[in-house]
Every structure is written in C-alpha cells, then in structure tokens.
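Here are some exercises to work through, each with a solution that goes step by step. Have a look at the sequence and the model, then try each task before reading on.

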There are 2 protein chains.
Amino acid sequence: MMNIDASAMRLLNRASVLRYIRDHKLTTRIAISEATGLTRATVSSLVETLLEEGFVDEVGYGASSGGRKPVMLRFNADAAYSIGVDVQISHMTTVVCNIRGDIAYKNVRRLLNAQTGQKIDQLSLLEWIQTEVKAALAHVPPSPHGITGIGLAVPGLVNFTTGFIYHLPNLSISNWGIREVLQEQFALPVYVDNDANCGAFAEYEKRNVPKSSIIYVNAGIGVGVGLILNGQLFRGRDGLAGEFGHMTIEENGVPCSCGNRGCFEQYASEQSLMRYLEELQIHVSPSAEISSILEQVIYESYLGSEKYQFAFERLGTYLGIGMANIANALNPDEIVLGGRVSMAYKFLSERMISTFKQRAISQNREIPIVMGYVNGVAIGAAGIAMNESLFASPVASVG
Amino acid sequence: MMNIDASAMRLLNRASVLRYIRDHKLTTRIAISEATGLTRATVSSLVETLLEEGFVDEVGYGASSGGRKPVMLRFNADAAYSIGVDVQISHMTTVVCNIRGDIAYKNVRRLLNAQTGQKIDQLSLLEWIQTEVKAALAHVPPSPHGITGIGLAVPGLVNFTTGFIYHLPNLSISNWGIREVLQEQFALPVYVDNDANCGAFAEYEKRNVPKSSIIYVNAGIGVGVGLILNGQLFRGRDGLAGEFGHMTIEENGVPCSCGNRGCFEQYASEQSLMRYLEELQIHVSPSAEISSILEQVIYESYLGSEKYQFAFERLGTYLGIGMANIANALNPDEIVLGGRVSMAYKFLSERMISTFKQRAISQNREIPIVMGYVNGVAIGAAGIAMNESLFASPVASVG
DNA sequence: ACACTTATGTAAATGTGTTAAACTATGTAG
DNA sequence: CTACATAGTTTAACACATTTACATAAGTGT
C-alpha cells in the first residue's frame, strides 16, 4: 500500500503512453491523447521524454485528412534487451530478447547425458548457466538501455520475490539461493520463476490483450500450470499456484508421488505416455532415456503408426478433461498448451479439444485452446526480467 | 487504461489513509505517515478531509512517549450504510450493514411453499425484493452518508458490470434485467453478483488481510465457488469463474446436468446427500422438499444416528477432495465452507479436513479450512455495494 | 527551569496535468 | 498565388497535491 506523488503519477501516465505506442504499430500524439484521456500538451511532454529515452522514434509523417500531417510515432522494441534462460532436465535454452520479446540470439545446450541418462548436478548446472549467460551477453546488440536483467525459468518451486529455489524435483535440487550468485557475478537484476509462469507470461505478452486471463498448461515430465489472471501473474500464497498437475481427476486413480491418487499429472504427462505405451504393449527401447521416447513416438506417429497415435489420443483425452476443469474454474480468455508434450500437438489436439468441449460447461466450450510458442518459456523469462526492470509499477497493485 | 491527474492522486492517497485507519482500531497521524510513506503534512491534510467527511473521528489523546500526546483517530464504521439481499431458493435474507459489515438490521423471509414445494415466480420475487428493500430502508440508522447502495446476491450466472442476470437454474429464471428496475425505483446504485462471490467478499472483508486470497466454497443444492485472488474478486472472462462445481473428480462418474460426468457438484452438494441416503437405504419422507431433508438429517445426526452421520462423512470426503484440488490450483491463504451444507459442518468437517490433508500437496496441507460466517452472503452483497460506491478506484486496475 | 522529544500545523517551493491560446504546417478553393 | 480552413504542436498561465522546512504545542527527564 504505497503512496503516490507527482513523480509516481508521471511514471504511471508515461507507462500508459508507452503501452499505447507499443500496442500500435504507428500512431500519433493526437491518437494517444484521445485514447488515454491525457491532454495533448501532456502527451507531447511525455512523448518527448520517451523520445529522449529512446523507447520511441519519430518515423516520418502520416497522411493528412485536410490539415497538417501528423508525425508518426513508433515503439522502439530494440531500446533494451534482456536475457532469458530456460532450464529443463534434458537441456537449457538461453535467449536474448528485445522489449517485444523478439529473439536476437538463441542457444540450446544439452544437459542430460544421452548415453548414461545421467542428470546434471547442481554445481555443473550453475557453471553452465554462467557460461551460457556470458555467451548471451556477448551477443547483445547495442541499444540505448543495454541489458536490463536476467530471467531464469526453472521446473519447480521458487519464491519469486526472494529468487530462492525450494525444490526442482526432476533435477534433485533443493534450497538453492542461485539468484545472489548470478546477481553478484553479472551485476544485473536476476529474476527466478517457475517455467509455467514464464510460459504464461510470454503468451500474454505476445497476444497483448490488456487485462486478459491466460492459462498456460506446461505438460512435460509432469504438468505445471501458469496463470495470468486479469493481466497479472497469479502466484498464490507461497508462489505455488498452478499446481493443477496434482488435481484429482479420478478418485481412486493411479498413485502419484505427491501421496494422492488420480492426479491429472498421472494422465497427461510424458510419464503417463510411457504407461499408456506399456498398457498398449508397445515396446520401446529401454536404453533410451525418457525425454527421447516422446520424440520417438512422435516420429512413429508421423510415419502413420496407428498404435502410437492411440497413445497420444489417450493423452489428449486427459488433457481435455484437465483443461475443462481449469476452464470451469477460472473462465479464462485462452488456454495454451506448452511443454514437451505440445510437440505432439498434431496427434493429440483433436481428441483434446473434443473432450474439452464435451466436459466444459456450455459457456466455456468456445474458449480457444492453442499451442504455445516455440521457446515460449525462455522468452517469458526474458520478458519477466524486462518487465520488472522497465515497467514495474512504482505503486503496488497498479497495473 | 485511464490517466491519473492530481485529484485522482489525492483520491488514491486518501483511500490509503482511510484503509489504514479502518484496519487499526486506534491510530495517530504519525503512525499513518510512517505506514503509508506519505509525509506528515499530507496525512494531516487527508485526515482533515476524512474528519469533515465523517469517516474518521478524533477520540481523545493517547499516551505520550516523551513528547506531545498524539490525537487518537478512529474509523467511523457507521458513517454509511448499505443494503444486502441474499436470494436463495427457499428464502431470502435482507440486511442493513455499516461500512465494516456489522449488521444493523436483518430480516429473513421464506420463498418456497413448504407444503407444495412450489417455487416462487419471477414477478413475485421482484415484488418481495422490493418489499424487503423498502422495509430495510426504513431501518437504516441516521449517518453522515446515509445509504450508499443495494447489493443483490443471486444463485446463478450474472454479468456484474451490467447487472444482468443470465440464468438462475434453481429458480428457473433467465435473462432478467432486474438492476434497472430497482435502480430506478430506489434511486440508488444497485449491484448484482453471484452468491458465492458475495460470500467470498464478506469473508475477505472480515479477515481483512490486504492482498490475501480466499476461496469460498458455497455448497448448497449445487456447488459454486467465489474467488478472492490477491485481494480482488476474480470473475473471469464472462463472470463465470469459480464453477468448480463442474470440475471432474471422477472420469466416469455420476452424470451431471451440465452434460459432463463425475462433476464435484454431484458428490459434495445437498443433492448428492440425497443420493448417499438412498444408497445407504435410509428412508426419508418423500413429501418433504429438498431443503428440509438436509435439516432433518442434521437433526438426526445430532441425536446420534450413525447412519446419517455416515452420509455426511461421504459428503465431507468429497468436499475434501474438491478443496484439495482448489488449493493445489490456487494456493490460497484460506478456504471457507459456506452454503446450506455448512450447517452440517460439525458432522463433515473432520472427514473433510483429513481428506484434504491427504490429497493436497504437502505445502498446501496447512491451509486453514474454516466455516463461513452466518449471513455471509447477504453481508457480502451489502459490502460489495458499499465498496463500489465508496472505495471504487478512480483508476482502472488500482486496488 | 531547561533541554529534549514527540505530535501537529503552516507557508513557501516544486512538480504535475489542465486549459486556453498561439503557433506551425498543410491542404483546398477561388 | 492568395486566403482560408484544418490538423497538429507548443507555450504560458493556472490549479492542485505533495514535499520541504520551519513553527507551534505539549509532554518527559534532569
């Protein structure tokens, strides 16, 4: 509950103007004034500030409608960059993004030893993150504001405010204060968040519908969900919101590692795909590690193998059930399927959507279900860092 | 995306100060200044305004800690009143509340004909609402601001912004623009909202933890859920959020009127209690209408009848499953059980809470589950009207 | 008594958006 | 080509709110 003074007021109005320019390819001071309700004088003043800051460019004149030609204004998406790192079990993706989330540099590195199936340990992971960030920093294009921050997406439980990692189940890492280490080394603000949250943020930014609610279903080894509600990431009491993966969808169903039975995650994850394959008595090479079996099954499905496709249809059915539950619960504007499982979108989407329409209450049946952007999680991590550094409101609870 | 000018700024800071005073029994200008970050001069100025408006009183001097005695300030909860109407199938409750939600007047009227089981029709309902509101208006105590608005809680689908009722399934009412009628007749702002939302709002206001997240599970004939997320009612795309009642908890479970199978509502509502009684071969008088069977079973349970208690235990089990799902989904600060079913709290809470602890992921197991306040829905309806009329932010998205 | 501390009020300075008018650039009509 | 109308931009006076600095009030401790 912070107070507002004159400078906070100007920052808020400046943000209003900047948002408007960002959301319109080309615009004029007059248009901004009409849209925001600010007077033309104020808009001129704020635009001047933004021009000086480099966030906005004047790009020639527009067509006249019977008078002086307007000066066209354009958002300079390249005024600043941020780095996003998406750490997964099998690999990590590092990107450099501009303000709009366009990728200027990208690198993917494998973390899992494909032969031995050996996972990376905590120290080696830190070293790889440091190496990758260094490489990314070397590829940041010159810009007025340079690099504003580093966002780190991890598959597990994090306290976003403190940047402390509680637990990454699939990496066997717990209680890790990685933020301080990176922050000190790179002298940049570092933000650590759950991967599903990052994915959700990226989708929200791309769609760019103010105050909308977007659900990002990150289906991989497990299922995590990122929630954008009324245009804001909802993290819950302990930053734990979105654990829809442990929602019971079958009272006496398959036992789950969380102690419960019939969790969504046991029916709609990469792990559950393995179970379906077993149940269908489909043999998969036991030497290959989990993450590549999915890709193998996708490959087989592309070749037209019906029995593999059948496994994906089961997965799609359960994704549909879970998404219907989520839609009924939150009545969002859109649901996005992300994570490794979304690679099989082609083979599971039909069943997923038909089940969704069958299970959701009638008013929710038309909520669009789409596939997530490639590299969404890494882009979102960069976006969160950008957002916190550049657009974070001076006033708590002011969007 | 509205702009902020000087007067909006003052309103926001005024709201900050008022909230602080409201949330502390007795306080001083200095304490407000330190808590809000506003300078002492500004606080003095804002407090003066609030004194003039009657929202705050000076009540003598506090103890000195080595200097001038501070003037003690107290929130005047009786500076304004609002009316709340809770329309249920069987009865309606009308209350007059002060700003804090204390009841100054209350009246309950039966709507359902106990003999015939005949439900009330739309026109009669309107007439009753008008009669009840008139009676309430006559009982409003004198105050600086008088009556600020009327809140109407209904069991069904509403567009809060327009006040248009889409559908009240258990009253067989659809597409009803009741807001305009009442607004014109009483020349007061009228707000129409879903009953679960009103219940959630009342619980949030009573607990009064800023930015907290509270889930109100309204279990009656059906199950509706009201969501307070980060201190704000979350309504979703179409005002439909909170339909956890139609969350699948059993893939091939009991068919539901929504077209789905295994909906939560089919296992944790008053209706499902009837089914449990049947399954347990417990005979209940077929002439009595639904709403009184619940009360009858509660009565029998109080007498110590184990078989009736067993039915409640089943209900409790499923409430626990559903609440675990909700807790995992949203990681709230608290879960509240409201609605008619909560009358049986004594008989179902133990099983409900143990099931919850068993099903929720470990970090969510300690989330408190409590029983809702009596008359919570009506108080919440009044509270929403009060809030919209007095505290609604001049700037979109500012809490 | 005196110095110090705490609480509150007052007046000038500063910063912001608004309003209204002046200014600039451009197009259209005669 | 000139006069006029239109659209966009800038400037100056003004209103409002917060801050800063100082003054005042009223207690405590030595």
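**Exercise 1. Count the salt bridges over all chains, then find how many cross the interface of chain B and chain A.**

Step 1: start with the rule, where a salt bridge is a side-chain nitrogen of Lys or Arg within 4 Å of a carboxyl oxygen of Asp or Glu. By this rule the count over all chains comes to 28 salt bridges.

Step 2: now look across the interface of chain B and chain A, where the rule finds 0 salt bridges.

Before going on, a word on the ground rules. This is a predicted model, so local features need pLDDT of at least 70 and side-chain atom pairs count only at pLDDT 80 or more, while totals for chains, interfaces and linings use all residues. Residues are numbered from 1 along each chain as its sequence is written, chains are lettered from A and ligands numbered from 1 in the order in which they are written, and side-chain values use heavy atoms, with hydrogens and water left out.

**Exercise 2. Work out how the two copies are related and how they meet.**

Step 1: lay chain B on chain A, using least squares on the C-alpha atoms of residues with pLDDT of at least 70 in both. You get an RMSD of 0.2 Å with a turn of 179° and a shift of 0.1 Å along the axis. The two copies are thus related as by a two-fold rotation axis.

Step 2: check the contacts, meaning heavy atoms within 4.5 Å. Here 61 residues of chain B are in contact with 61 residues of chain A. What's more, 100% of the interface residues of chain B are also interface residues in chain A, so the copies meet through the same surface.

Step 3: get the buried area, which is the accessible area (1.4 Å probe) that two parts lose on being put together, summed over both. Chain B and chain A bury about 5200 Å² between them, and 51% of that is on carbon and sulfur atoms.

Step 4: pick out one residue, Asn13(B), which lies in helix α1 (residues 6–23) of chain B. Leaving aside residues up to four places away in sequence, Asn13(B) touches Asn3(A), Ile4(A), Leu38(B) and Leu46(B). Asn13(B) is buried, with a relative accessible area of 6%; the cut-offs are under 20% for buried, over 50% for exposed and in between for partly exposed (1.4 Å probe, protein chains only).

**Exercise 3. Describe helix α10 of chain A.**

Step 1: find its bounds, bearing in mind that helices (H or I, at least four residues) and strands (E, at least two) are DSSP runs, numbered from the N terminus. Helix α10 of chain A covers residues 345–359, which makes 15 residues.

Step 2: compare its span with the expected one, 1.5 Å times one less than the number of residues. From first C-alpha to last, helix α10 of chain A reaches 20 Å, close to the 21 Å expected.

Step 3: list buried residues of α10(A), among them Tyr345(A), Phe347(A), Leu348(A), Met352(A) and Phe356(A).

**Exercise 4. Which residues pair up in salt bridges, and are they buried or exposed?**

Step 1: the side chains of Glu279(A) and Arg314(A) meet in a salt bridge at 2.9 Å, N to O. This pair links distant parts of the chain, since Glu279(A) is in helix α7 (residues 270–279) and Arg314(A) in helix α9 (residues 306–330) of chain A, 35 residues apart. Glu279(A) is partly exposed at 43%, and Arg314(A) is partly exposed at 26%.

Step 2: Lys357(A) forms a salt bridge with Glu366(A), with the closest N and O atoms 3.6 Å apart. Lys357(A) is partly exposed at 34%, whereas Glu366(A) is exposed at 59%.

Step 3: in chain B, Glu203(B) and Arg207(B) meet at 2.8 Å, N to O. Being 4 residues apart in helix α6 (residues 195–207) of chain B, they are separated by about one helical turn. Glu203(B) counts as buried at 0%, while Arg207(B) is partly exposed at 24%.

**Exercise 5. Where is Asn331(A) found, and what is its phi near?**

Step 1: Asn331(A) is found in the loop between α9 and β14 (334–338) of chain A.

Step 2: its phi is near 45°, a positive value in a residue other than glycine. Asn331(A) counts as buried, at 0% relative accessibility.
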